[in-house]
Amino acid sequence: MTTKIASLSLAARATIDMHSLNNEGGEGNQIQTRMVDIVGADGRMYNVNAISGDMLKHIQSQHFFEQAREQGLPLCSGCKEFNANRINADAKWIAEMPKGDRDALGSLLRTCALDDVAGILITAGGRSLPRKSVVEFGWVVGIPKSVTSDNYFHVKYVNEREKERVASDAKEQQEKGSNLGQSIFHRPASSGIYAIVCHIELARIGYNDISQTYDIDEQQRTARARAVLQSVLHTFIELNGAMRTTQLPHLVNIEGIITTSATGAIPAPLVSPLGNDPLGDDEQYYHKEIRTITTALDAGKGIVQATDFASLGDLATFMSNLAREMTPAQLVTFR
């Protein structure tokens, strides 16, 4: 592991069975699962099941919120309620917001850890002031020929003694759209191997992109960095999303590779796990590609490093240790 970290990338393949985490919506009594078109490693088009990056970003933000609340990190009034508008919903902060964009962004960074790491667009007062997210997720995409989706029949059971009363109530309230009677509906479930990509710019935590300076101290930056790493790990430990009440996903396994860079000038390498060896069918091809890039970028300096993980336990051990051992001296500071 590098002594300093500016950025971290994660590429992984996860086997997830019988989930319905992300759907397009419903039509009649049919829920439509989310499908996307991609180009496979063989150059052909495939239609596969996918979970949007927005879903993972929301899950990660919620876990960061829990970490921030538990650790006493600063949160604006909007984020304290996990309001989707975040600092835009903080009337007091909006009223006292500095006039200049540089100072307004600095005030935001000091006021709210969640807005710092998750990003926000300040639109109050006729402004359009962006804060880019520190954490980036791609779509979680099914590997072609390794994922399947199906629809399953369900019915809401009504026992015999209630049928007559329910039928009467249903007729009476039909125009009100009440959910009475023995409803029939179809729900999707997908299973397969999915490609995951994630990038974290740890050096940008607390960094004001306008003034090119940090608006929080090293201790606060370190505390936020630890919370970010923990929240990303918790995203994979608890895959949140739709229909988890009765279709809690089976995360069978997750394996992949994590890269880190000790300088802001070199990004932590990232290659999609969607690809296979063009000369064969090597499922570990993306590991080899990332390691080749890591070696080329590092040139023996120890600046860029790569670590494989073969299970969720391995991932948890790596990320937990990294978060636990994080110190102000380990975080890269832009000069």
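A residue counts as exposed here when its relative accessible area is over 50%, and as buried when that value is under 20%. The model shown in these close-ups is predicted.

**View A. The two faces of helix α8 (residues 285-298).** Exposed residues T292, T295 and A296 sit on the face turned away from the buried side of α8. The buried residues of this helix are Y286, H287, I290, T294 and D298. Because these buried residues cover an arc of only 105° around the axis, they fall on the same side of α8. Their packing partners are β1, β13 and β14 (304-309).

**View B. α8 from end to end, and the residue that follows.** With 14 residues at 1.5 Å a residue, α8 should span 20 Å, and its end C-alpha atoms are indeed 20 Å apart, so the two values agree. Just after the helix comes A299, with a positive phi of about 50°.

**View C. Strand β1 alongside strand β13.** Take a look at β1 (residues 7-19), a mostly covered strand in which 10 of 13 residues are buried. It runs antiparallel to β13 (residues 250-261), and 11 bridges join the two. One pair to pick out is A14 with its bridge partner in β13, I254.

**View D. A cavity lined in part by β1 and β13.** The count comes to one cavity of 30 Å³ or more. About 50 Å³ of space lies in the largest cavity. Its lining is made up of A14, I16, I51, L56, V140, I196, F236, L239, L251 and I254. The elements giving two or more residues to this lining are β1 and β13. The bridge partners A14 and I254 from View C are among the lining residues.

Key. Residues are numbered from 1 along each chain as its sequence is written. This is a predicted model: local features need pLDDT of at least 70, side-chain atom pairs count only at pLDDT 80 or more; totals for chains, interfaces and linings use all residues. Side-chain values use heavy atoms; hydrogens and water are left out. Buried means under 20% relative accessible area, exposed over 50%, partly exposed in between (1.4 Å probe, protein chains only). Helices (H or I, at least four residues) and strands (E, at least two) are DSSP runs, numbered from the N terminus. Two strands pair if DSSP finds at least two bridges between them. The expected span of a helix is 1.5 Å times one less than its number of residues. The arc is that of the directions from the helix axis to the C-beta atoms. Contact means heavy atoms within 4.5 Å. On a 1 Å grid over the protein atoms alone, a cavity is a set of points where a 1.4 Å probe fits but cannot get out, and a pocket is an open set with protein on both sides within 12 Å along at least five of seven lines; lining residues have an atom within 4 Å of a point. Grid points are joined across faces, edges and corners, and a volume is the space filled by probe spheres set on the points.
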